[in-house]
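Work through these exercises with the structure open beside you. Try each task before you read its solution.

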Amino acid sequence: MRLPFAFDAARLRSDLQRLEHHPWIDHLVRQNYEGEWSVIPLRMAAGATHPVMMIYADPGATRFEDAPPLGHAPYLREVLACFRCPLQTARLMRLTPGSIIREHRDHDLAAEWGMARIHIPIATNDKVDFRLNGHPVTMAPGEAWYLRLSDPHSVANRGVTDRVHLVIDCVVDDWLRHQLASSSDQTRHPNSVSAGSSG
């Protein structure tokens, strides 16, 4: 489901370049992927200091804070501020060329159960194959998508460039319910909201 937001793809890439000196941390669940799938934390459970805990989406955490890399990414801060629901973790997630994420389910990630994961592509290519329930989902840089990831999903990067998404875990409140409820038509005819606007 595409949300009614449109973010500046060039500014997203610029912030990604600013973070190149930060180390990418290997994704924790090795059995779910082949190749290189790695993370830079932008928001994390409060008090996390070890890199593994900084990228872990701890279901028991109740307090969250910005991670140090977010201080070097002014536009990503603007993007996060556009989401007026409680934000938990936010991460940059990179899948390198030739890498795959095997089909799996994230059992707690469904809006009707109170948690939503939003994907905003920053870097991608036309050989990225994202599938949800076996159906391809094409996401362009700067778009925002809610994906019901408690359903089976997989990704293969068959291109020659990295695929990098901003991935945001949100608590579903009235504001986000409204965005989701209005998004079916928006997917076909988006009335976009840019970062920093009040719409």
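**Exercise 1. Place Arg 2 and find its partners.**

Task: In which strand does Arg 2 lie, and is Arg 2 buried or exposed?

Solution.
- Step 1. Locate the residue. Arg 2 is part of strand β1. Keep in mind that this is a predicted model.
- Step 2. Check the cover. The relative accessibility of Arg 2 is 14%. The cut-off for buried is under 20%. Arg 2 therefore counts as buried.
- Step 3. Look at the rest of the strand. β1 spans residues 2-6, and 4 of its 5 residues are buried.
- Step 4. Find the partner strand. β1 pairs with strand β11 (residues 143-146) in the antiparallel sense, over 2 bridges. Across from Arg 2 stands Trp 145 of β11.
- Step 5. Look for charge. Arg 2 and Glu 143 form a salt bridge, with 3.4 Å between the closest N and O atoms. Glu 143 belongs to β11 and Arg 2 to β1, so this pair ties together parts that are 141 residues apart in sequence.
- Step 6. Check the cover of both ends. Glu 143 is buried, and so is Arg 2.

**Exercise 2. Follow the other salt bridges.**

Task: How many salt bridges does the count come to, and which residues are linked with Arg 148 in a network?

Solution.
- Step 1. Take the total. The count is 11 salt bridges.
- Step 2. Recall the principle. Side chains of opposite charge can pair when their charged atoms come close.
- Step 3. Start from one pair. Asp 151 and Arg 148 meet through their side chains in a salt bridge of 2.5 Å, N to O.
- Step 4. Compare their cover. Asp 151 has a relative accessible area of 16% and is buried. Arg 148 has 24% and is partly exposed.
- Step 5. Widen the view. Glu 112, Arg 148 and Asp 151 are linked in a network of salt bridges.

**Exercise 3. Read the two sides of a helix.**

Task: Which residues of helix α4 are buried, and which are exposed on the other side?

Solution.
- Step 1. List the buried ones. In α4 (residues 174-181) they are Trp 175, Leu 176, Gln 179 and Leu 180.
- Step 2. Ask where they point. These residues cover an arc of only 135 degrees around the axis, so they sit on the same side of α4.
- Step 3. Turn the helix. Asp 174, His 178 and Ala 181 are exposed on the other side.
- Step 4. Inspect the N-terminal end. Asp 173 caps α4 there. One of its side-chain oxygens lies 3.2 Å from the backbone nitrogen of Trp 175.
- Step 5. Find a salt bridge within the helix. Asp 174 pairs with Arg 177, and their closest N and O atoms are 2.9 Å apart. The two residues are 3 apart in α4, which means a separation of about one helical turn.
- Step 6. Check the cover of this pair. Asp 174 is exposed at 63% relative accessibility. Arg 177 is partly exposed at 44%.

**Exercise 4. Find the nonpolar cores.**

Task: How many residues make up the largest nonpolar core, and which of them touch the most other members?

Solution.
- Step 1. Recall the trend. In soluble globular proteins, nonpolar side chains tend to be buried together.
- Step 2. Take the size. The largest core has 38 residues.
- Step 3. Name the best-connected members. They are Phe 7, Leu 76, Phe 83, Leu 92, Ile 120, Leu 166 and Ile 168.
- Step 4. Ask which element gives the largest share. Strand β8 (residues 115-123) does, with 5 residues.
- Step 5. Zoom in on one member. Beyond its neighbours within four places in sequence, Ile 168 has contacts that include Leu 80, Phe 83, Leu 87 and Ile 120.
- Step 6. Look elsewhere. Another core, of 20 residues, lies apart from the largest one. Among its members are Val 39, Met 115, Val 128 and Leu 149.

**Exercise 5. Trace a sheet and step back.**

Task: In what order do the strands of the open sheet of 5 strands run, and which strands stand at the edges?

Solution.
- Step 1. Read the order. The sheet runs β3-β7-β12-β9-β10, with antiparallel pairing.
- Step 2. Find the edges. β3 (33-34) and β10 (135-136) each have a single partner strand, so one side of each is left without a neighbour in the sheet.
- Step 3. Examine one pairing. Strand β9 (residues 128-132) and β10 pair over 2 bridges. Leu 132 stands opposite His 135 in β10.
- Step 4. Count the elements. The chain has 5 helices and 13 strands.
- Step 5. Take the overall cover. Of its 199 residues, 54% count as buried.

Methods:
Residues are numbered from 1 along each chain as its sequence is written. This is a predicted model: local features need pLDDT of at least 70, side-chain atom pairs count only at pLDDT 80 or more; totals for chains, interfaces and linings use all residues. Side-chain values use heavy atoms; hydrogens and water are left out. Buried means under 20% relative accessible area, exposed over 50%, partly exposed in between (1.4 Å probe, protein chains only). Helices (H or I, at least four residues) and strands (E, at least two) are DSSP runs, numbered from the N terminus. Two strands pair if DSSP finds at least two bridges between them. A nonpolar core is a set of buried Ala, Val, Leu, Ile, Met, Phe, Trp, Tyr and Cys residues joined through side-chain atoms within 4.5 Å. Contact means heavy atoms within 4.5 Å. The arc is that of the directions from the helix axis to the C-beta atoms. A polar contact is a pair of N or O atoms within 3.5 Å; within protein, one must be able to donate a hydrogen and the other to accept it, and residues adjacent in sequence count only if both atoms are side-chain atoms. A salt bridge is a side-chain nitrogen of Lys or Arg within 4 Å of a carboxyl oxygen of Asp or Glu.
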